[in-house]
Amino acid sequence: MKIKLTLEFILCSAVKIINLKVPPTYLLDQTSKTPDPLILDCEYEVDENEKGFVLKWLLDGQPVYQWIPSKNPFPFQSFKNRVDTSYVVSQEDMHKHRAMAIIKPLANFTGEYSCIVQTYASIDRKAAKLKIIVRESKFDLSYYSIESGEVIVECHARDISPMPELQIRINHELFETENLKSVQGENGLYNVSISGTMRKDQLESPAQIECLLAIPETNYNKRRSTTYYVNHAVFAD
């Protein structure tokens, strides 16, 4: 008679991430001289007897920040002068500088942020995606008539990132437009526009014209509106 023995091993991790705080979006205000820092926090539990603890933050797999409790926080080259190394999130020695406080983030800081906590005995890792949103410097909606008896409606947004979607509606109905036109500047920001044409006799007077701006996969959206009259326009935010 054969007796089958099953042994179950329970592996206990000496370090474990219990909460990763990475906001899905961060609105970058380029007009402010002292914008709020972007805080990324990584809460963890670590056995008090553990040795060799180190915390790392990575952006798209590349190290950007490292902290060993016995040393000062160290931002890597790509984040040099962009991290407040004096920022303290906790008074506990093993948690004091676990959070990364990013000063004046750049548009290209968008990506997947990973927190890695490691000791000689174990390692844990969690990741979350973040989008840096650069608010547009200008957002305009206008219309004008041409001699052929048509009305052209145009909507523009300048210096925005990531690239948004634009949509024009007339009396809440989707207005057929040309494909979105976009140009990316050397600063990485986008200038985008859409336009469409309608015969004047197909357009009621007055009519509400709207342009809707949205950045995909975020809750960032804006709206501009104007009222169409046969002989003049009235603009409103």
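Let's start with an open sheet of four strands: select S10, S11, S15 and S14, because that is the order in which they sit, with antiparallel pairing. Keep in mind as you look around that this is a predicted model.

Color the two ends of the sheet next. Strand S10 (138-145) and strand S14 (181-184) are its edge strands, and each of them pairs on one side only. Tilt the view and check how the neighbors line up: on average, neighbouring strands of this sheet are turned by 15° against each other, direction ignored.

Now go to the middle and select S11 together with strand S15 (residues 190-199). How many bridges join S11 to S15? There are nine, and the two strands run antiparallel. For a landmark here, click on Glu 154, which stands opposite Ser 195 in S15.

Next stop: the cysteines. How many disulfides does the structure hold? It holds two.

Stay with S11 for one of them. Select Cys 155 and Cys 211, and show their side chains: a disulfide joins these residues, with 2.0 Å from S to S. Cys 155 lies in strand S11 (residues 150-160) and Cys 211 in strand S16 (residues 207-214), so the link ties together parts that are 56 residues apart in sequence. Look along the S-S bond of Cys 155 and Cys 211 and you'll find -90° about it, a left-handed link. Are Cys 155 and Cys 211 buried or exposed? Both are buried, so hide any surface you've switched on if you want to see them, given that buried means under 20% relative accessible area.

For the other disulfide, select Cys 42 and Cys 115, which are joined with an S to S distance of 2.1 Å. This pair links distant parts of the chain: Cys 42 is in strand S3 (residues 38-46), while Cys 115 is in strand S8 (residues 111-118), 73 residues apart. Why is this disulfide called left-handed? The torsion about the S-S bond of Cys 42 and Cys 115 is about -90°, and that is why. Turn to burial: Cys 42 has a relative accessible area of 0%, so it counts as buried. Cys 115 is buried too, with a relative accessible area of 0%.

To finish, show both disulfides at once. Number the bonded cysteines of the protein chain in sequence order, and the pairing reads 1-2, 3-4.

Conventions:
Residues are numbered from 1 along each chain as its sequence is written. This is a predicted model: local features need pLDDT of at least 70, side-chain atom pairs count only at pLDDT 80 or more; totals for chains, interfaces and linings use all residues. Side-chain values use heavy atoms; hydrogens and water are left out. A disulfide is a pair of cysteine sulfur atoms within 2.5 Å. Buried means under 20% relative accessible area, exposed over 50%, partly exposed in between (1.4 Å probe, protein chains only). Two strands pair if DSSP finds at least two bridges between them. Axes are lines fitted to C-alpha atoms, for helices over the stretch in contact, and angles run from 0 to 180 degrees between N-to-C directions.
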